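I opened this entry to keep track of what I looked up, one item at a time. The charge over a ring comes at the start, then strands, rings and cores.

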Amino acid sequence: MLRRAFLGLLGCLSLAVWAPAALSAQTSEDPEAFVERVANDILEAIRNDPKIQKGDNKAIEALVDQKMMPAVDFLRMTRSAVGPKWREATPEQREKLQYLFRETLIQVYSGALAMGKDQKVRILPRGQNDGSEAIVRTGMNSISDPNQPEVQIIYRLRNNKGQGWRVIDVNVEGVWLVSNYRNQYGSIAAQEGIDGLIKRMQERLDNPPAKK
């Protein structure tokens with residue numbers, strides 16, 4: 001469970017992790033090179049920050065804000081997670097949903113970050129790329145224990161004009177991140193509306209499950 005949590009967070013953080021000043025340099029980068037660079041950059045950042053390894057919320061939020069949020073299409077990610085009811089949300093509700101989804105991801109995965117200091121990523125074959133969308137398959141391996149089973153992480157990317165490739169979803173051990181949350185959020189929104197979903201998301205943040 002802890003391993004899946006770490007891999008899930010790595011996928012979340014790897015969603016379009018570009019500094020704005022470097023965007024022009026990344027527009028010609030192929031999706032495989034982008035994913036490999038991004039994932040290993042994140043792992044290096046984890047290895048070099050003891051606070052992140054200990055699950056310090058401020059350090060984790062700083063990593064998210066500095067590495068992911070300035071460039072990620074988090075609006076698209078949240079919209080996909082909420083499902084069809086997103087169209088009925090007001091601008092204020094959409095802003096709140098994005099904030100709560102971000103906080104949910106941080107809360108759910110923060111405790112697993114210590115695993116990052118012993119992991120590396122490699123690109124696997126059988127990817128897909130039609131120029132506008134791509135699938136990149138990767139393997140996550142332990143640096144210290146080569147006998148540990150490799151875990152596959154699959155990235156789904158979209159080529160945004162003028163900005164290059166951006167990851168829009170991630171599959172960890174057979175589970176797509178956005179689809180997984182859409183199954184939860186879509187059902188709540190359909191039954192209780194957008195306000196009901198916001199309330200339930202806030203309640204879960206205020207009363208997180210006990211860590212095992």
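**Arg156 and Trp176**

I looked up where the charged end of Arg156 goes. It sits over the ring of Trp176, 4.1 Å from the ring centre. I note that this is a predicted model, and that every value here is computed from it.

Next I placed Arg156 in the fold. Arg156 lies in strand 4. Is Arg156 buried or exposed? Neither label applies: Arg156 is partly exposed, because its relative accessible area is 29% and the buried class stops under 20% while the exposed class starts over 50%.

I then listed what Arg156 touches, leaving aside neighbours within four places in sequence. The contacts are Ala134, Ile135, Arg166, Val167, Ile168, Asp169 and Trp176. So Trp176 turns up in the contact list as well as under the charge, by the contact cut-off of 4.5 Å between heavy atoms.

I also checked Arg156 against Arg137. They are 19 residues apart along the chain, and their C-alpha atoms are separated by 9.0 Å.

**Strand 3 and its partners**

Which strand does strand 3 pair with over eight bridges? It is strand 4, and the two run in the antiparallel sense. On that seam I found Ala134 opposite Leu157 of strand 4. Ala134 is also one of the contacts of Arg156.

Strand 1 (residues 119-123) pairs with strand 3 as well, antiparallel, over five bridges. Here Lys120 has Asn141 of strand 3 as its bridge partner.

Strand 2 (residues 128-129) is joined to strand 3 by two bridges, again antiparallel. Gln128 stands opposite Ile135 in strand 3. I looked at the turn too. Strands 2 and 3 make a hairpin with three residues between them, and Gly131 in that turn has a positive phi of about 95°.

How much of strand 3 is covered? Eight of its ten residues are buried, so the strand is mostly covered by the under-20% criterion.

**Aromatic pairs**

I searched the whole structure for aromatic pairs and got three. One of them is Phe101 with Tyr181, edge-to-face, 5.2 Å centre to centre and with 75° between the planes. The pair links distant parts of the chain: Phe101 is in helix 7 (residues 91-109), Tyr181 is in helix 8 (residues 177-206), and 80 residues separate them.

Phe101 also pairs with Tyr185. That pair is edge-to-face too, at 5.8 Å centre to centre and 80° between the planes. It again links helix 7 to helix 8, with the two residues 84 apart. I record Phe101, Tyr181 and Tyr185 as one aromatic cluster.

Then I checked burial for each ring. Phe101 is buried, because its relative accessible area is 0%. Tyr181 counts as buried at 5%. Tyr185 is buried at 3%.

**Nonpolar cores**

Which residues have the most contacts inside the largest nonpolar core? They are Leu97, Phe101, Tyr155, Leu157 and Leu197, in a core of 38 residues. Phe101 is thus on this list and in the aromatic cluster. Leu157 is the residue I found opposite Ala134.

I traced which elements feed this core. Those giving two or more residues are helix 3 (31-47), helix 6 (74-82), helix 7, strand 3 (133-142), strand 4 (151-160), strand 5 (164-172) and helix 8. Helix 8 supplies the largest share, eleven residues. Another core lies apart, with nine residues, including Ile42, Ala45, Ile46 and Leu63. As background, nonpolar side chains tend to be buried together in soluble globular proteins.

**Whole chain**

I closed with the totals. The chain has eight helices and six strands. Along the sequence the order is α-α-α-α-α-α-α-β-β-β-β-β-β-α. Of its 212 residues, 46% count as buried. The accessible surface comes to about 10,900 Å², with 48% of that belonging to carbon and sulfur atoms. I also pulled the contact range. Among contacts between residues at least 6 apart in sequence, 62% join residues at least 24 apart.

Notes. Residues are numbered from 1 along each chain as its sequence is written. This is a predicted model: local features need pLDDT of at least 70, side-chain atom pairs count only at pLDDT 80 or more; totals for chains, interfaces and linings use all residues. Side-chain values use heavy atoms; hydrogens and water are left out. Helices (H or I, at least four residues) and strands (E, at least two) are DSSP runs, numbered from the N terminus. Buried means under 20% relative accessible area, exposed over 50%, partly exposed in between (1.4 Å probe, protein chains only). Accessible areas come from the Shrake-Rupley method with a 1.4 Å probe; for residues, only the protein chains shown count as cover. Rings of Phe, Tyr and Trp (its six-membered ring) pair if their centres lie within 6.5 Å; planes under 30 degrees apart count as stacked, over 60 as edge-to-face and the rest as tilted. A charge sits over a ring if NZ of Lys or CZ of Arg is within 6 Å of the ring centre and within 35 degrees of the ring normal. A nonpolar core is a set of buried Ala, Val, Leu, Ile, Met, Phe, Trp, Tyr and Cys residues joined through side-chain atoms within 4.5 Å. Two strands pair if DSSP finds at least two bridges between them.
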